[in-house]
Number of protein chains: 2
Amino acid sequence: MKIDPRHLEIIAAVVDQGGLTEGATLLGKSQPSVSRSLSMLERRLGINLFQPGRRPLQPTQTCLLLAHEGRKILQAGEAASGVVLHYQRGTNGAVRLAGPPIFMEGVVSGMLASFQSSFPDIRIDQSYCYAAEVFARIESDALDLGIVPVRASEVPDSLIAKQILKGRNVVACRVGHPIARKQAVRLAEIAQFPWIAPPADSPLFHDLRTALESIGVSDIKVGFTGASLSAVINILEGSDALTVLPYSVVFMLRRKKTVDALSIRIGDPDRHLCIVSRRNEVPSPATRRLASFVESEFASFNLLIDRHEQNVVWRS
Amino acid sequence: MKIDPRHLEIIAAVVDQGGLTEGATLLGKSQPSVSRSLSMLERRLGINLFQPGRRPLQPTQTCLLLAHEGRKILQAGEAASGVVLHYQRGTNGAVRLAGPPIFMEGVVSGMLASFQSSFPDIRIDQSYCYAAEVFARIESDALDLGIVPVRASEVPDSLIAKQILKGRNVVACRVGHPIARKQAVRLAEIAQFPWIAPPADSPLFHDLRTALESIGVSDIKVGFTGASLSAVINILEGSDALTVLPYSVVFMLRRKKTVDALSIRIGDPDRHLCIVSRRNEVPSPATRRLASFVESEFASFNLLIDRHEQNVVWRS
DNA sequence: TATCTTCATATCATTAGGTTATGCAATAGC
DNA sequence: GCTATTGCATAACCTAATGATATGAAGATA
């Protein structure tokens with residue numbers, strides 16, 4: 001005999017409140033509704049839930065047992081409401097986030113770490129991919145947010161991209177690199193060293209070529225290729241290799257005092273780091289919360305960079 | 001945001017079974033019904049319970065939290081079903097039982113004690129009253145069962161009375177009473193002793209008068225009046241008083257070896273002990289169980305008495 | 001690419017449950 | 001013992017959820 005859990009809730013409310021009217025009030029229903037629900041249930045079960053003809057409604061033995069179960073259901077219902085409330089506040093749920101590995105590892109992951117400690121109940125599903133795939137996955141609802149360097153014209157109409165960092169690349173090398181000591185860097189010197197190249201399909205690889213072209217270097221030795229920032233860093237730190245990295249990534253790395261940027265200005269990319277999401281659909285609260293967190297983190301990051309810039313002279 | 005507990009059940013079932021169809025089967029519903037219920041809930045809550053476009057339906061983070069609550073509700077529902085099942089088997093619930101104090105205390109209470117140990121979850125609400133009130137209370141649904149000595153003609157049409165013991169009274173006295181030693185009891189001797197009388201409104205009082213008239217005694221000394229059997233016993237044991245009691249009561253008391261019956265036959269009452277209940281209404285399972293228990297106890301009690309009778313000579 | 005599995009939708013019928021208004025009965029108070 | 005009050009049941013009406021069957025659509029798998 002399956003019983004509607006709502007009926008058990010009603011029983012619990014009426015028993016605990018000591019009356020139909022009070023019980024109905026607790027449940028946010030009208031007294032006749034509760035009365036009828038109980039009558040129907042009594043008839044269906046063939047059980048007198050309340051002693052008939054008693055005015056302060058007197059629960060039966062069996063009714064008390066059922067009320068006990070009803071209380072559990074009321075509690076579970078409240079807990080469930082709490083879950084929903086948490087979700088709507090954006091303090092639980094999950095966000096699917098993707099971006100190119102260099103940016104994600106170099107800049108975003110640190111921000112995600114502090115986000116995690118503020119909102120431990122939001123799960124972040126992070127993956128790595130480039131702009132085209134990010135667009136496709138967001139459009140097919142396999143992704144909530146993308147953090148990718150893009151040109152505004154690239155972004156599909158169905159998506160919205162908000163710029164969070166101006167595109168800017170630098171030549172990176174290890175701290176103490178022979179070329180870093182020199183005041184004036186000659187192009188011939190740059191070309192002598194081996195280079196670390198990002199994967200050929202990555203935007204950064206494209207940036208690398210155009211950047212070098214912009215300073216007149218056309219032919220380089222590629223000593224290592226890899227998509228993982230940590231691999232790049234390892235090579236960078238342990239050799240005299242050079243590479244092109246986003247300035248923001250090098251800026252973050254500078255704290256470790258193992259990697260630095262050459263103070264020569266290379267051509268800036270026409271892609272700027274954007275946070276990308278669906279245009280028409282309202283994102284989940286957790287997604288919104290993460291997005292605005294990342295935006296504000298980048299805002300203060302920009303300030304930090306600006307302040308630092310005032311003390312550095314870049315040669316072009 | 002109040003959530004229908006049935007929806008939480010559905011979530012739990014679908015998550016645990018790993019699919020809509022299986023979940024629906026568990027709940028005894030059709031797959032489309034479950035599908036629609038979940039869709040409506042998702043829209044209402046504004047929460048994706050399952051990742052869209054995934055064929056083995058993949059629950060969201062929030063969905064898992066809700067499923068956890070749903071499981072509690074499913075469990076409570078099963079427990080409630082168990083309660084109802086118990087009730088229908090008559091192994092829980094409550095029975096309201098009434099009868100005259102002498103019979104209830106002297107014979108029935110012992111039976112109720114063994115019933116209690118067999119069915120500890122059935123509560124027995126016992127009270128004392130005579131036939132007229134028993135009838136009225138059963139008819140007004142303030143009582144489930146009555147155990148009273150009645151004439152068949154007295155019983156209202158709405159009630160049904162099943163005889164469980166033939167009416168028979170005896171003169172009772174303490175063991176070792178002077179009159180008990182004598183082979184032949186003369187009427188004059190009986191009249192010498194003080195008598196214990198039941199309350200004037202009790203059937204037993206009427207029996208007392210007619211019984212004494214039947215053996216030619218018309219005038220007696222009444223030394224004590226009381227409705228409680230234990231009070232009567234106390235007086236009986238501690239004095240040479242006599243009284244009229246149902247034979248069944250004295251038969252039970254004989255085990256204590258303090259009270260006995262005079263071996264003279266007095267007029268049998270025209271009331272017989274019956275178990276009374278409503279005729280048209282189906283009694284609760286617990287009521288039926290108690291009624292049949294009492295009936296069978298009296299059946300074996302009758303056998304016991306019959307066997308004993310073969311060894312006793314009664315003088316009239 | 002084809003097929004199978006699994007979920008979503010359409011449509012219709014049913015029914016539980018929501019509301020207000022009102023009747024009725026049990027308790028309480030005089 | 002009579003009346004007033006309180007509290008529950010019933011009536012009538014309506015909305016909306018849910019059930020069933022048939023069918024469409026989209027992933028997953030080979």
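**Exercise 1. Find how many residues each chain brings to the contact between chain A and chain B, and how much area goes out of reach there.**

Step 1. Count the two sides: chain A puts in 35 residues and chain B puts in 35 residues. Keep in mind that this is a predicted model.

Step 2. Turn to area. Together the two chains bury about 3100 Å², with 62% of that on carbon and sulfur atoms.

Step 3. Pick out the chain A residues that lose the most area to chain B: they're Q61(A), V84(A) and Y87(A), and together they make up 15% of what that side buries.

**Exercise 2. Work out what holds polar and charged partners across this interface, and which parts of chain A take part.**

Step 1. Look for salt bridges. The rule turns up 4 of them across the interface of chain A and chain B.

Step 2. Zoom in on one of these pairs: E9(A) and K2(B) join their side chains in a salt bridge, at 3.0 Å from N to O.

Step 3. Now polar contacts: 6 residue pairs qualify across the interface, with both residues at pLDDT 80 or more.

Step 4. Ask which elements of chain A supply at least two residues each to the side touching chain B. They are α1 (5-17), α4 (61-89) and β1 (93-99). Of the elements, α4(A) gives the most, with 16 residues.

Step 5. Sort that side of chain A by class, and you get 17 nonpolar, 9 polar and 9 charged residues.

**Exercise 3. Take K257 in each chain: describe its phi, its place and whether it is buried or exposed.**

Step 1. Start with chain A. K257(A) isn't a glycine, yet its phi is positive, at about 60°.

Step 2. Locate it: K257(A) sits in the loop between α11 (247-253) and β9 (259-261) of chain A.

Step 3. Check the surface. Exposed means over 50% relative accessible area. K257(A) has 65%, so it counts as exposed.

Step 4. Go over to chain B. K257(B) has a positive phi near 60°, again in a residue other than glycine. Its loop lies between α11 (247-253) and β9 (259-261) of chain B, and K257(B) is exposed too, at 65%.

**Exercise 4. Describe the overall build of chain A.**

Step 1. List the elements: chain A has 12 helices and 10 strands.

Step 2. Compare its spread with a compact globule. For 316 residues, such a globule would have a radius of gyration near 20 Å, but chain A has 31 Å.

Step 3. Check the box: along the principal axes, the C-alpha atoms fill roughly 105 × 35 × 35 Å.

Step 4. Look inside. Buried residues account for 49% of the 316 in chain A. Of the contacts between residues at least 6 apart in sequence, 76% link residues at least 24 apart.

Key. Residues numbered from 1 in each chain as written. Chains lettered and ligands numbered in written order. Predicted model: local features only at pLDDT ≥ 70, side-chain atom pairs only at ≥ 80, totals over all residues. Heavy atoms only, no water. Contact = heavy atoms within 4.5 Å. Buried area = accessible area lost by both parts, 1.4 Å probe. Polar contact = N/O pair within 3.5 Å; in protein donor to acceptor, adjacent residues only side chain to side chain. Helix = DSSP H or I, 4+ residues; strand = E, 2+ residues; numbered from the N terminus. Nonpolar A, V, L, I, M, F, W, Y, C, P; charged D, E, K, R; others polar. Buried < 20%, exposed > 50% of the residue type's maximum accessible area, 1.4 Å probe, protein only. Rg over C-alpha atoms; globule rule 2.2 N^0.38 Å.
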